[in-house]
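Open the model in a viewer and keep the selection tool at hand. The stops below go from the core to the sheet and then to the charged pairs.

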Amino acid sequence: MNSRSRSTIANCRLVELPKFLDFRGNLTFIEGGAHVPFPLRRTYWIYDVPGGAARGGHAYRRLEEFVIALSGSFSVALDDGRKTRSLLLNRSYFGLYIPSKIWRSFEDFSTNAVCLVLASLPYEEEDYFRVYEEFRRAKELEP
Ligand code: TYD
């Protein structure tokens, strides 16, 4: 999508990844620019999440991301300043694309869940909206 236009929940999408079923164990892969609509610059993962804890709870000014439940399950709560939606990720061959300027948090982790995030940019604290009201104001100014 055009980075100048308003990002909405409708721009967040589940992507089914290639899956090679094999009696020795299944295999799924990702190529940046093909399955994920941006060049990959960074990856990180969230694990050992205690029951009832949530991660995230912020938005990015420029960063786009692709989120996969590599193991177990968790919910992704999305908020574009006008609408909210929650999606359950529980298959390692599905990923959720989230454009910039979407407030998101990861919640309801199952035991041993692993959340893999592919990101379009290196870590930059300045790219974060950490304060929800600041995010809301920025969304109101978007075209
Ligand atoms: P953060 O993205 O703030 O996660 P959450 O919103 O769930 O708390 O990451 C937590 C801290 O980890 C952050 O303050 C700095 C560090 N961090 C890095 O150094 N590099 C990274 O790629 C990420 C994602 C986090």
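Start with Phe74, Leu78 and Phe106: in this predicted model, these are the residues that touch the most other members of the largest nonpolar core, which has 19 residues. Next, colour the strands that give two or more residues to this core: S6 (65-71), S7 (74-79), S8 (84-89), S9 (94-98) and S11 (114-119). The largest share, 3 residues, comes from S7.

Stay on Leu78 and display its surroundings. Beyond its neighbours within four places in sequence, Leu78 is in contact with Ile9, Cys12, Lys83, Thr84, Arg85, Leu87, Leu96, Ile98, Ile102, Trp103 and Arg104. Then select Val36, Phe38, Tyr97 and Leu116, which are among the 9 residues of another core, lying apart from the largest one.

Now switch to a cartoon view for the sheet. Five strands form an open sheet in the order S8-S7-S10-S5-S12, and the pairing is antiparallel. Which strands stand at the edges? They are S8 and S12 (128-129); each has a single partner strand, so one side of each lacks a neighbour in the sheet. Further in, pick S5 (residues 55-60) and S10 (residues 103-107), an antiparallel pair with 3 bridges. To see the register, select Gly56 and look for Ser105 of S10, which stands opposite.

The last stops are charged pairs. The model has 8 salt bridges. Select Arg6 and Glu142, whose closest N and O atoms are 4.0 Å apart in a salt bridge. Arg6 is in the segment before S1 (13-16) and Glu142 in the segment after helix H1 (132-141), so many positions separate them: the two are 136 residues apart. Are these two side chains buried or exposed? Arg6 counts as buried at 14% relative accessibility, and Glu142 counts as buried at 14% as well.

Keep Glu142 selected and add Lys139: their side chains meet in a salt bridge at 3.0 Å, N to O. Lys139 counts as buried, with 2% relative accessibility. Add Lys101 to the selection to show the network of salt bridges that links Arg6, Lys101, Lys139 and Glu142.

Finally, select Arg62 and Glu124, which form a salt bridge with an N to O distance of 3.9 Å. Arg62 lies in the loop between S5 and S6, and Glu124 in the loop between S11 and S12, so this pair ties together parts 62 residues apart in sequence. Glu124 counts as partly exposed, at 28% relative accessibility.

Key: Residues numbered from 1 in each chain as written. Predicted model: local features only at pLDDT ≥ 70, side-chain atom pairs only at ≥ 80, totals over all residues. Heavy atoms only, no water. Core = buried A, V, L, I, M, F, W, Y, C linked by side-chain atoms within 4.5 Å. Buried < 20%, exposed > 50% of the residue type's maximum accessible area, 1.4 Å probe, protein only. Helix = DSSP H or I, 4+ residues; strand = E, 2+ residues; numbered from the N terminus. Contact = heavy atoms within 4.5 Å. Pairing = 2+ DSSP bridges.
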